[in-house]
Amino acid sequence: MKILVTGEPQRAEFIKQGLSDSGQHTVFSCHTNQHALTKFREWRPDYVICELALPHRDAFALCLAIKSDPKLSHLPVLIYTDNPIEAKDKQLALAMGTARLILNVKDNEILLREIALTINQTPEPKPLRFTQEELLTFSRQHAQILSRQLQEKIDRLEMERRALRESHY
């Protein structure tokens, strides 16, 4: 099976190496969604594994791009993250056709085991056909997630800035 992995470079390479070592898979890795999307037609993967949210690697955007393209919509997508996610984010990922979410796993060995199990248990993929209205709804929900994440980042930076100011007085 040909697998495409996107994510934080060290973790993506760990997953790539672990899956390649089995001898059952050819694994490619990309560190940005844009690179992944340009390589889909060249590599023709059978499975996509992507990290949920890092700069330039938004799994929701990648999943939406895959599932809205009739030539790619059959690809199973597995999303992983070190962190828990909100219920509405999980619902969006599943509604968009994600084959599996692996959440809150910080240990690489456990993550690799979960990915391998998922790949072996995923049924034959079926192409998904979304209406324009569904795609628009997904896009709106995705924009809300990005907005919330941006606000959380701004709040964290503001707290750090205040703490730095206070430490100088």
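Axes here are lines fitted to C-alpha atoms, for helices over the stretch in contact, and angles between them run from 0 to 180 degrees between N-to-C directions. With that convention in hand, the tour can begin; bear in mind throughout that this is a predicted model.

**The sheet**

Select the strands first, and you will find an open sheet of five, ordered β2-β1-β3-β4-β5 and paired in parallel. At the edges stand β2 (26-30) and β5, each with a single partner strand, so one side of each is left without a neighbour in the sheet. From one strand to the next, the twist averages 20 degrees. Now narrow the selection to β3 and β4, which run parallel and are joined by four bridges; within this pairing, C50 has I79 of β4 as its bridge partner.

**Helices across the sheet**

Add α3 to the view: this helix lies across β1, β3 and β4, and runs at about 155 degrees to β3. Next show α5, which lies across β1, β3, β4 and β5 and runs at about 170 degrees to β5.

Return to α3 and colour its residues by accessibility. Which residues of α3 are buried? They are A59, F60, L62, C63, L64, I66 and K67. Because seven of the nine residues in this helix (residues 59-67) are buried, α3 is largely enclosed by the rest of the structure. To see what covers these buried residues, display the surrounding elements, which include β1 (2-6), α2 (33-43), β3 (47-51), β4 (77-80), α4 and α6 (132-167).

**T98**

From C63 of α3, move to T98, which touches C63 as well as V77, I79 and A93, leaving aside residues up to four places away in sequence. T98 is found in the loop between α4 (87-95) and β5 (100-102), and it counts as buried because its relative accessibility, 8%, falls under the 20% cut-off. Draw a distance from its side chain to the backbone oxygen of A93, and the viewer should show 2.7 Å.

**Salt bridges**

Side chains of opposite charge can pair when their charged atoms come close. The model has six salt bridges in total, and three of them are worth a stop.

Select R11 and D82, which form a salt bridge whose closest N and O atoms are 2.1 Å apart. This pair links distant parts of the chain, since R11 belongs to helix α1 (residues 9-21) and D82 to the loop between β4 and α4, 71 residues apart. Are the two partners buried or partly exposed? R11 is buried, with a relative accessible area of 6%, whereas D82, at 26% relative accessibility, counts as partly exposed.

Go on to R100 and E114, a salt bridge in which the closest N and O atoms are 2.8 Å apart. Here too the pair links distant parts of the chain, with R100 in strand β5 and E114 in helix α5 (residues 108-121), 14 residues apart. R100 is partly exposed, with a relative accessible area of 28%, and E114 is likewise partly exposed, at 24% relative accessibility.

Finish in α6 with E158 and R161, whose side chains meet in a salt bridge at 2.5 Å, N to O. Because they are three residues apart in this helix, E158 and R161 are separated by about one helical turn. E158 counts as partly exposed at 27% relative accessibility, and R161 is partly exposed with a relative accessible area of 36%. Add R162 to the selection, and salt bridges that share partners join E158, R161 and R162 into one network.

Key. Residues are numbered from 1 along each chain as its sequence is written. This is a predicted model: local features need pLDDT of at least 70, side-chain atom pairs count only at pLDDT 80 or more; totals for chains, interfaces and linings use all residues. Side-chain values use heavy atoms; hydrogens and water are left out. Helices (H or I, at least four residues) and strands (E, at least two) are DSSP runs, numbered from the N terminus. Buried means under 20% relative accessible area, exposed over 50%, partly exposed in between (1.4 Å probe, protein chains only). A polar contact is a pair of N or O atoms within 3.5 Å; within protein, one must be able to donate a hydrogen and the other to accept it, and residues adjacent in sequence count only if both atoms are side-chain atoms. Contact means heavy atoms within 4.5 Å. A salt bridge is a side-chain nitrogen of Lys or Arg within 4 Å of a carboxyl oxygen of Asp or Glu. Two strands pair if DSSP finds at least two bridges between them.
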